[in-house]
Amino acid sequence: MKDMLNRLVRRLQQGDRTVFDNIYEQTYRQVYFVILPILKDKQLTEDILQEAYMKMLKNIDRYQEKNFLAYLITIAKNLAINEYNRRKRESFVDTIETSESDYSFMDHVEIKAEKEELIKEMLSALDETEKNVILLYNVENLTHREIAAILDKPLGTVTWIYAKAVKKLKAKFKEGEQ
């Protein structure tokens with residue numbers, strides 16, 4: 001994916017705007033999942049997501065080929081943090097706090113109906129961070145390094161969370177077999 005993405009970005013830098021849709025399709029979920037936990041507002045997340053892509057397009061000539069997804073995620077994260085801080089300054093009334101579980105990646109994963117109940121039951125053994133790491137790794141096929149960038153956690157922490165979550169899932173599965 002990374003090589004293909006780099007080729008598309010090079011074409012975009014050369015002025016081929018037709019590749020933008022492909023770039024967007026390959027990256028929007030990861031970018032979305034960086035913004036959502038910061039803003040905790042799905043509509044605002046969509047707005048900042050679009051703003052991040054517009055800013056990337058505007059500054060595509062400045063991008064030097066290294067890790068495009070990390071570059072795009074950095075833009076999105078900075079925009080989200082700026083928006084969060086702006087809203088925090090403007091807010092004079094108490095806001096209703098929402099739980100982290102309202103913003104789980106599970107809400108955005110497409111699952112066949114017959115497997116949904118089993119998956120939900122298995123994932124119930126995990127906390128939200130463990131669920132998110134498992135889903136990003138196994139469903140979105142991201143590397144631990146990419147997940148660490150998205151969740152803003154050290155790589156070692158992400159691999160530890162993943163290993164711990166796998167152990168919990170195995171225990172839950174064995175429990176269900178008996």
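Helices in these notes are DSSP runs of at least four residues, numbered from the N terminus. I'm working from a predicted model, not an experimental one.

**Entry 1: the H4 pair**

I started with Arg 86 and Glu 83, whose side chains meet in a salt bridge with 2.5 Å from N to O. How far apart are they in helix H4? They sit three residues apart, so about one helical turn separates them. That fits the general rule: an α-helix has 3.6 residues a turn, so residues three or four places apart point the same way. I looked up exposure too: Arg 86 is partly exposed at 30% relative accessible area, while Glu 83 is buried at 12%.

**Entry 2: other salt bridges**

I searched the whole structure and got five salt bridges. Arg 11 and Asp 16 form one of them, at 2.7 Å from N to O. Arg 11 is partly exposed at 39% relative accessible area, and Asp 16 also counts as partly exposed, at 22%. The cut-off for buried is under 20%, so Asp 16 does not qualify.

Next I checked Glu 130 and Lys 168, which form a salt bridge with their closest N and O atoms 3.0 Å apart. This pair links distant parts of the chain, with Glu 130 in helix H6 and Lys 168 in helix H8, 38 residues apart. Buried or exposed, I asked of Glu 130? It counts as buried, at 1% relative accessibility. Lys 168 is partly exposed at 32%. I also found Lys 164 here: Glu 130, Lys 164 and Lys 168 are linked in a network of salt bridges.

**Entry 3: the core**

I pulled up the largest nonpolar core, which has 49 residues. Which members touch the most others? My list reads Ile 23, Val 31, Ile 35, Tyr 53, Met 56, Phe 68 and Ile 150. Helices H1 through H8 each supply at least two residues of this core, and H2 gives the most, with ten. I then took Val 31 by itself: leaving out residues up to four places away in sequence, it touches Leu 49, Tyr 53, Leu 72, Ile 73 and Ala 76.

**Entry 4: helix H3**

Tyr 53 took me to H3, where it is one of the buried residues. The others are Leu 44, Thr 45, Ile 48, Leu 49, Ala 52, Met 56 and Leu 57. I checked the helix length as well: at 1.5 Å a residue, its 17 residues should span 24 Å, and the end C-alpha atoms are 24 Å apart, so the two agree. Last, I looked at the N-terminal end of H3, which Asp 41 caps: one of its side-chain oxygens lies 3.0 Å from the backbone nitrogen of Gln 43.

Methods: Residues numbered from 1 in each chain as written. Predicted model: local features only at pLDDT ≥ 70, side-chain atom pairs only at ≥ 80, totals over all residues. Heavy atoms only, no water. Core = buried A, V, L, I, M, F, W, Y, C linked by side-chain atoms within 4.5 Å. Buried < 20%, exposed > 50% of the residue type's maximum accessible area, 1.4 Å probe, protein only. Contact = heavy atoms within 4.5 Å. Expected span 1.5 Å × (residues − 1). Polar contact = N/O pair within 3.5 Å; in protein donor to acceptor, adjacent residues only side chain to side chain. Salt bridge = Lys/Arg side-chain N within 4 Å of Asp/Glu carboxyl O.
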